[in-house]
Amino acid sequence: MSKKSSSVAPLDYLIFLYLLVFFAAVSAVMCQPSNQGAGSIGVCNGRLGSDLPPEQEVVELYKTSGIRRMRIYDPNQATLTALQGSDIELVLDVPNVDLESLQSDATHWVQTNVVQYFPATRIRYIAVGNEVDPEKETSRFVRLVLPAMQNIHKALSELGLQDQIKVSTATYSALLMNTYPPSNAMFKDMAFMEPIISFLAQTRAPLLANIYPYFGYIYSQGIELPYALFTAPGVVVQDGPYGYQNLFDAMVDAMYSALEKAGGGDVEVVVSESGWPSDGGVAATMKNANTYYRNLIGHVNRGSPKRPGKAIETYLFAMFDENNKTGEKSEQHFGLFYPNKQPKYQLILNNEEHG
């Protein structure tokens with residue numbers, strides 16, 4: 001055969017092979033069945049500590065502990081690299097301070113922090129902003145959240161990745177009002193949240209919500225500790241046809257009620273943080289934290305009263321104690337592990353067998 005019989009030059013052929021491998025890998029990710037409901041627990045990988053192990057060791061600890069999902073709070077290149085080939089699904093945050101740049105540079109952000117690693121790093125959600133609150137944050141952050149979400153989604157769509165990687169934002173219970181009973185709950189600032197919910201409904205993305213019965217217990221009068229720790233012997237709050245035996249379910253369903261009032265009845269809630277500290281505050285003990293984490297892990301596959309039988313994808317906060325966290329002393333004691341990688345509790349973090 002003559003060398004000229006091939007219509008593909010050597011360099012072009014290498015590029016062709018690269019593209020073929022890339023799109024085959026993307027197709028493989030698209031065709032993989034979801035493991036929703038079988039091991040619904042992830043763990044947040046916070047990095048605000050001076051004594052934390054390197055990221056490759058962290059990823060290995062996730063793997064040996066059976067943890068299939070991770071959340072990180074910025075596009076840390078070492079983490080994104082260490083996750084490649086690990087099969088751990090990732091929630092990748094855009095920090096609030098970076099929202100401004102996404103008004104004009106979302107394509108570059110996606111190219112740098114997504115395309116460079118995906119699909120070897122299994123990015124599942126991009127959380128654009130964390131706990132942006134119109135009552136607390138500057139108006140600059142509030143007005144930037146939705147456009148940043150839209151721009152990230154547009155950049156992903158141009159690459160054909162909008163179905164594999166969903167764009168959301170991480171909110172929290174402080175944005176709700178009238179949460180007792182849960183069916184009365186609604187967002188305080190509908191002008192801020194309603195367009196975001198509309199975007200999530202249109203793109204079939206979940207709302208990420210940080211849900212902390214611990215803070216509900218210490219800051220709200222009338223809540224008993226067993227209700228917060230999943231140890232109440234019976235229904236504590238009856239809300240029409242729904243009976244609530246634990247505060248976690250009540251907080252999740254309050255978020256669902258608020259979504260319904262904002263036109264997002266079909267939007268799923270993913271619990272992007274939930275935890276209990278072992279020290280540094282009211283009721284912050286090893287015993288209480290162990291009870292909370294163990295019971296939460298055993299509970300989430302059952303769903304909530306408003307969504308019975310539908311596993312609640314939930315991310316525990318956090319992997320390690322973080323000695324550089326500011327605020328209340330308890331903020332430094334939410335870890336499931338000590339920085340030396342020794343476990344604080346005896347937990348089965350792969351909850352596939354629960355439910």
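# Structural report: a closed barrel and its surroundings

Glu313 occupies the loop that links strand 13 (307-308) with strand 14 (314-316). In this predicted model, Glu313 is buried, its relative accessible area being 0%. Its side chain has polar partners: one contact is to the side chain of Arg124 at 3.0 Å, and another is to the side chain of Tyr125, also at 3.0 Å. These contacts are listed below with those of two further residues, Gln332 and Asp87, which are discussed later in the report.

| Side chain | Polar partner | Distance |
|---|---|---|
| Glu313 | Arg124, side chain | 3.0 Å |
| Glu313 | Tyr125, side chain | 3.0 Å |
| Gln332 | Lys325, backbone oxygen | 3.1 Å |
| Asp87 | Arg122, side chain | 2.6 Å |

## Overall architecture

The protein chain contains 10 helices and 14 strands. Of its 355 residues, 52% are buried. If one takes the contacts between residues at least 6 apart in sequence, 70% of them join residues at least 24 apart.

Eight strands form a closed barrel in the order 1-2-3-4-5-8-11-14, and their pairing is parallel. Within this sheet, neighbouring strands are turned against each other by 25° on average, direction ignored. Helix 6 (residues 190-203) packs on the sheet, where it touches strand 5 (166-172) and strand 8 (207-210). The direction of helix 6 makes about 145° with that of strand 5.

## Strand 1 and its two neighbours

Strand 1 runs parallel to strand 2, and two bridges join them. On this side, Val43 stands opposite Met70, while Cys44 stands opposite Arg71. Strand 1 also pairs with strand 14, again in the parallel sense, over three bridges; here Ile41 stands opposite Thr314.

In a regular strand, side chains alternate between the two faces of the sheet. In strand 1, Ile41 and Val43 point one way, whereas Gly42 and Cys44 point the other way. Are these four residues buried or exposed? All of them are buried.

## Strand 4 and the nonpolar core

Strand 4 (residues 122-130) is largely enclosed by the rest of the structure, because eight of its nine residues are buried. It runs parallel to strand 3 (residues 89-94), to which six bridges join it. One bridge partnership across this pair is that of Glu89 with Arg122 in strand 4.

The largest nonpolar core comprises 109 residues. Those with the most contacts inside this core are Val114, Ile126, Val128, Ile152, Phe187 and Phe248. What does Ile152 touch, leaving aside residues up to four places away in sequence? Its contacts are Leu102, Ala106, Trp109, Val110, Ile126, Val128 and Val167.

## Helix 2

Helix 2 (residues 55-64) has the buried residues Glu55, Val58, Val59, Leu61 and Tyr62. Seen down the helix axis, these buried residues fall within an arc of 155°, and they therefore line one face of helix 2. The general geometry is relevant here: an α-helix has 3.6 residues a turn, so residues three or four places apart point the same way. The buried residues of helix 2 pack against strand 1 (41-44), strand 2 (69-72) and helix 3 (77-82). Just after helix 2, Gly66 adopts a positive phi of about 75°.

## Asp87 and Gln332

Asp87 is placed in the loop between helix 3 and strand 3. With a relative accessibility of 47%, Asp87 counts as partly exposed. Not counting residues up to four places away in sequence, Asp87 touches Arg68 and Arg122. Asp87 and Arg68 are 19 residues apart in sequence, and their C-alpha atoms are 7.3 Å apart in space. With Arg122, the side chain of Asp87 makes a side-chain polar contact at 2.6 Å. Arg122 is also the bridge partner of Glu89.

Gln332 lies in the segment after strand 14. Its relative accessibility is 16%, so Gln332 counts as buried, the cut-off being under 20%. A polar atom of the Gln332 side chain lies 3.1 Å from the backbone oxygen of Lys325. Apart from residues up to four places away in sequence, Gln332 touches Asp321, Glu322, Asn323 and Lys325.

Conventions. Residues numbered from 1 in each chain as written. Predicted model: local features only at pLDDT ≥ 70, side-chain atom pairs only at ≥ 80, totals over all residues. Heavy atoms only, no water. Core = buried A, V, L, I, M, F, W, Y, C linked by side-chain atoms within 4.5 Å. Buried < 20%, exposed > 50% of the residue type's maximum accessible area, 1.4 Å probe, protein only. Contact = heavy atoms within 4.5 Å. Arc of directions from axis to C-beta. Polar contact = N/O pair within 3.5 Å; in protein donor to acceptor, adjacent residues only side chain to side chain. Pairing = 2+ DSSP bridges. Axes fitted to C-alpha atoms, helices over the stretch in contact; angles between N-to-C directions.
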